[in-house]
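This report looks at backbone torsions and at a pocket. The sequence and the structure come first.

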Amino acid sequence: MRDTLYLIVVKEVWDRIISGDKTIEYRECGEYWDKRIKDRHYNYLRITNGYGNDTRPYVLLRYLGYDIVERDGKPHYAIP
């Protein structure tokens with residue numbers, strides 16, 4: 001079992017997550033995210049504002065799993 005799922009978001013999304021306005025992050029189902037999310041169990045979710053060095057802001061949350069939902073006609077992982 002891996003301990004932490006890492007998600008990187010842009011500043012606009014980061015601001016909405018921190019304010020509590022955005023409570024679900026979506027990732028399109030496909031080979032890349034399937035390997036990281038599907039049938040995996042994590043303890044934590046680390047959401048980071050952008051790429052870069054270790055000084056970028058992040059929030060560490062308890063991982064609550066995922067649902068699969070349809071967005072724009074395609075399946076997506078919905079991660080609370």
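Which strand gives the most to the lining of the largest pocket? It is β1, with five residues. The model is predicted, with local features needing pLDDT of at least 70 and side-chain atom pairs counting only at pLDDT 80 or more, while totals for chains, interfaces and linings use all residues. Residues are numbered from 1 along each chain as its sequence is written, and side-chain values use heavy atoms, with hydrogens and water left out.

The largest pocket holds about 250 Å³ of space, and of its 14 lining residues Tyr6, Leu7, Tyr32, Trp33 and Arg36 are the closest to the centre. A pocket is an open set of points on a 1 Å grid over the protein atoms alone, where a 1.4 Å probe fits and protein lies on both sides within 12 Å along at least five of seven lines; lining residues have an atom within 4 Å of a point. The volume is the space filled by probe spheres set on the points, which are joined across faces, edges and corners. At least two lining residues come from each of β1 (4-9) and α2, strands being DSSP runs of E with at least two residues and helices runs of H or I with at least four, numbered from the N terminus.

Two aspartates have a positive phi, and both count as exposed (over 50% relative accessible area, 1.4 Å probe, protein chains only).

| Residue | Phi | Loop between | Relative accessibility |
|---|---|---|---|
| Asp39 | near 60° | α2 (31-37) and β3 (44-49) | 61% |
| Asp72 | near 55° | β5 (67-71) and β6 (74-79) | 76% |

Most residues other than glycine have a negative phi.

Notes:
Buried < 20%, exposed > 50% of the residue type's maximum accessible area, 1.4 Å probe, protein only.
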